[in-house]
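Please look over the sequence and the model before reading on. The paragraphs below go through them part by part.

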Amino acid sequence: RQAIEDERSRYLELFEFAPGGYLVTDTQGIILEANSAATSLLCVKKDLLVGKPLALFVHSHERSSFRTRLAQLHKEPEPKNINWEFQLQASNQQAFPAAITVGKMTSQRRKTSELRWLIRDITKRKQLEEELQKADKLESLGILAGGIAHDFNNFLTIILGNLSLAKMYAKGDIKVSKHLHEMEDAFAQTRNLTEQLLTFAKGGEPLTRAVSIDSFIRDVSSFALSGSNTLYEFFLTADLPAVEIDEGQITQVISNLLINADQAMPTGGTIKISAESLVIQGENTLPLQPGHYVAVTIADEGKGIAKKALPKIFDPFFTTKEQGSGLGLTICYSIIKRHGGHIAVKSVEGQGTSFTVYLPASRNDAREEAIDDTLCLGEGKILFMDDEERVRQTAGEMLSALGYEVEFANDGAEAVKKYQDAFFTDSPYDVVITDITVRGGMGGQLAVRELLKIDPHVKAIVSSGYSNDALLSAYKKHGFCGMVAKPYRLQELGEALARVIESKKQNNE
């Protein structure tokens, strides 16, 4: 008797303290026994749980299906374990997905058939499955966005190239030049759209340069809030240092924050945009490396963010908007981190929200890219490789206008052959310009490897419609001497060639 009692005690301990919810019911689903985990899952005391039908705790939408399966199980002659998934609902009305394993047993004590239930809350597993599905969809969308942006950049290269040529030929006509200048000025904003697509598609490495933060913030703000009834004010300290940024990506960040601030004030208000320089020391509360930074703050007067939602706003797919994707702030966070910066948020319900973006200051002075008619003319023999015929045609006219002799290749293999043939003659190429991506053929990255085998001193410039491709941000590591991202103006193409040819002359000297 003592041995039997000890065995029963051990069974009860295992039953009571098991991590999963265990229930014993009769074949009609009336609960006979329940362990602590089951009472916790269903949020009801044990004495109130026993005697209740388990179907009572199944979500009303699935209760009929549950009862049908229970009736089928009652008819099963052979005892076996069956796995189900149902939406359960605790007594506090909180629903949760549950994995249920049920088996039919014969009770030695009661001499009747019983059902033994193992119930597990699978909320986290379901969330993970949903996140994986979203990630798969996001990856597919990213591939699609990248392809669209690549092709779009090729078209923009043709348009911008011809626009640059038209400006050059229309110098004598002041009215035409004025309109072309305005088109080219507006074109810079169009180029940002493809860069945003590419950021979404590839999470590309930033292509940074020194930028004047003062004029940058003013330009982005006026564009992002154009057409809005919301007012905005600037509080920018004097003598702000230049910042080291990828303009396209940081434009996306600032625009996103400004649009969010605008939407937070549907009845109107004022957005305060401020910027100040600061020095981060060795010990600080911000997750930043010691150094010089510029802090840009965008503050609204909206209803604020709920305290419980504030820690989640940068999480993927978290959104407080009915039609939001939950990706905007996640992408902003990712971009700022890749820049070596940080983004922080403060919010008080009923008073408003402020986002502060910390950007690393540049050691170089900002170089303004003024749209003018100044061209870097030159001379030399250029081999231009691109798989798009219209891009080759436009680039050929641009290079000829800059003073260069140009020949073409459809892909990397043809470029390598032409370069090799010319290299062993008295008329070698001075510079090779190659696209990275060639559909169905050798791309620029592989081509330059082959070119380096022929000529270790080859001067190659990489160009791509994937304007934030990781290869572009580290082109020298891959054997290139220069880089020009599509779409490019006549001035940008001329400057890239001038730098590479000048470096070649210096090496020869």
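What follows moves from the whole chain to one strand, then to one helix residue, and ends with the aromatic rings.

The model is predicted, not experimental. Its protein chain holds 14 helices and 17 strands. Of the 509 residues in the chain, 43% are buried. The accessible surface of the chain is about 27300 Å², and carbon and sulfur atoms contribute 52% of that area. Among contacts in the chain with a separation of 6 or more, 66% are between residues 24 or more positions apart.

Strand β15 is a convenient place to look in detail. This strand covers residues 431–435, and because 5 of its 5 residues are buried, β15 is largely enclosed by the rest of the structure. Which residues point to which side of the strand? Val431, Ile433 and Asp435 point one way from β15, while Val432 and Thr434 point the other way. Both sets are buried, Asp435 and Thr434 included.

The pairing partners of β15 come next. Strand β13, residues 381–385, pairs with β15 in the parallel sense over 4 bridges. Within this pairing, Met385 stands opposite Thr434 of β15. Strand β16, residues 460–464, also runs parallel to β15 and is joined to it by 4 bridges. Here Ile433 of β15 stands opposite Ile461 of β16. The connection from β15 to β16 involves helix α12, residues 444–454, and the three elements make a right-handed β-α-β unit.

A second place to look is Ile336, which is found in helix α9, residues 328–338. Is Ile336 buried or exposed? Its relative accessible area is 0%, so Ile336 is buried, the cut-off being under 20%. What does Ile336 touch beyond its neighbours within four places in sequence? Its contacts include Ile250 and Val253, as well as Gly341, His342 and Ile343. Val357, Tyr358 and Leu359 are also in contact with Ile336. Val253 lies 83 residues from Ile336 in sequence, yet the C-alpha to C-alpha distance between the two is 8.1 Å.

The last topic is the aromatic rings. A search of the whole structure finds 10 aromatic pairs. One of them joins Phe66 and Phe86 edge-to-face, with 5.4 Å centre to centre and 85 degrees between the planes. Phe66 lies in helix α4, residues 63–75, and Phe86 in strand β3, residues 82–89, so this pair ties together parts that are 20 residues apart in sequence. Phe66 is buried, with a relative accessible area of 1%, and Phe86 also counts as buried, at 4% relative accessibility.

Another pair, Tyr419 and Phe423, is stacked, with 6.1 Å centre to centre and 15 degrees between the planes. Both residues lie in helix α11, residues 412–423, where they are 4 residues apart, about one turn of the helix. Tyr419 is buried, with a relative accessible area of 4%, whereas Phe423 is partly exposed, at 29%.

Ring pairs also link Phe66 and Phe86 with Trp84 and Trp117 into a cluster. Charged side chains meet rings at two further places. Arg218 lies over the face of Phe234, at 4.8 Å from the ring centre. Lys381 has its charged end over the ring of Tyr429, 4.6 Å from the centre of that ring.

Notes. Residues are numbered from 1 along each chain as its sequence is written. This is a predicted model: local features need pLDDT of at least 70, side-chain atom pairs count only at pLDDT 80 or more; totals for chains, interfaces and linings use all residues. Side-chain values use heavy atoms; hydrogens and water are left out. Buried means under 20% relative accessible area, exposed over 50%, partly exposed in between (1.4 Å probe, protein chains only). Helices (H or I, at least four residues) and strands (E, at least two) are DSSP runs, numbered from the N terminus. Two strands pair if DSSP finds at least two bridges between them. A crossover is right-handed if, with the strands pointing away from the viewer, the path from the first strand over the helix to the second runs clockwise. Contact means heavy atoms within 4.5 Å. Accessible areas come from the Shrake-Rupley method with a 1.4 Å probe; for residues, only the protein chains shown count as cover. Rings of Phe, Tyr and Trp (its six-membered ring) pair if their centres lie within 6.5 Å; planes under 30 degrees apart count as stacked, over 60 as edge-to-face and the rest as tilted. A charge sits over a ring if NZ of Lys or CZ of Arg is within 6 Å of the ring centre and within 35 degrees of the ring normal.
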